[in-house]
Amino acid sequence: MQRKGYQQVSIPRCSQAVQNATPSAATQSLPALTEASCMIRYNDDQFQIVTPISSRQE
């Protein structure tokens, strides 16, 4: 896999605020990751990877 450009990463757990703001849905395909990406683990061992959008300050 490394020859194809993949690398192992650690994804932190999302804050409670991000979890509360995210509709519950297991990840079906792995999204592109950024520094802001985080993971929500569900009780049934499924997980969701999200990239929170920072709120705009108006």
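A residue counts as buried here when its relative accessible area is under 20%, as exposed when that area is over 50%, and as partly exposed in between. Keep that in mind as you click around this predicted model.

**Stop one: glutamine 48**

Select glutamine 48, which you'll find in strand S2. Is glutamine 48 buried or exposed? Its relative accessible area is 10%, and because the limit for buried is 20%, glutamine 48 is buried. Now show the side chain of tyrosine 42 as well: a polar contact of 2.4 Å links it to the side chain of glutamine 48. Next, bring up what surrounds glutamine 48. Setting aside neighbours within four places in sequence, its contacts include Thr22, Pro23, Ser24, Ala25 and Thr27. Cys38, Met39, Ile40 and Tyr42 are on that contact list too.

**Stop two: the two strands**

Switch to a cartoon view and colour S1, residues 38–41, along with S2, residues 47–50. How do S1 and S2 pair? They run in the antiparallel sense, with four bridges between them. To see one partnership, pick cysteine 38, whose bridge partner in S2 is valine 50.

**Stop three: the turn of the hairpin**

Follow the chain from S1 towards S2 and you cross the five residues that separate the strands of this hairpin. Stop at aspartate 45, in the loop between S1 and S2. Its phi is near 70 degrees, a positive value in a residue that isn't glycine. Aspartate 45 has a relative accessible area of 60%, so it is exposed.

**Stop four: threonine 22**

Jump back along the chain to threonine 22, in the loop between helix H1 (16–21) and strand S1. Why does threonine 22 count as buried? Its relative accessibility is 19%, and the cut-off is under 20%. Turn on the backbone of valine 18: its oxygen lies 2.6 Å from a polar atom in the side chain of threonine 22. Leaving out residues up to four places away in sequence, threonine 22 touches Ile40, Gln48 and Val50. For a distance check, draw a line from the C-alpha of threonine 22 to that of glycine 5; the two residues are 17 apart in sequence and 30 Å apart in space.

**Stop five: threonine 51**

Go past the end of S2 and select threonine 51, in the segment after that strand. With a relative accessible area of 36%, threonine 51 is partly exposed. Show serine 37 too, and look for the 2.8 Å polar contact between the side chains of serine 37 and threonine 51. Apart from neighbours within four places in sequence, threonine 51 is in contact with Ala32, Thr34, Ala36 and Ser37. Glutamine 2 sits 49 residues away along the chain, and 24 Å separates its C-alpha from that of threonine 51.

**Last stop: the largest pocket**

Which residues line the largest pocket? Select Tyr6, Gln7, Val9 and Ile11, then add Leu30, Pro31, Leu33 and Ile49. Colour this lining by residue type and you should get seven nonpolar residues, one polar and no charged ones. The pocket itself has a volume of about 200 Å³.

How values were computed. Residues are numbered from 1 along each chain as its sequence is written. This is a predicted model: local features need pLDDT of at least 70, side-chain atom pairs count only at pLDDT 80 or more; totals for chains, interfaces and linings use all residues. Side-chain values use heavy atoms; hydrogens and water are left out. On a 1 Å grid over the protein atoms alone, a cavity is a set of points where a 1.4 Å probe fits but cannot get out, and a pocket is an open set with protein on both sides within 12 Å along at least five of seven lines; lining residues have an atom within 4 Å of a point. Grid points are joined across faces, edges and corners, and a volume is the space filled by probe spheres set on the points. Ala, Val, Leu, Ile, Met, Phe, Trp, Tyr, Cys and Pro count as nonpolar, Asp, Glu, Lys and Arg as charged, and the others, Gly among them, as polar. Buried means under 20% relative accessible area, exposed over 50%, partly exposed in between (1.4 Å probe, protein chains only). A polar contact is a pair of N or O atoms within 3.5 Å; within protein, one must be able to donate a hydrogen and the other to accept it, and residues adjacent in sequence count only if both atoms are side-chain atoms. Contact means heavy atoms within 4.5 Å. Two strands pair if DSSP finds at least two bridges between them.
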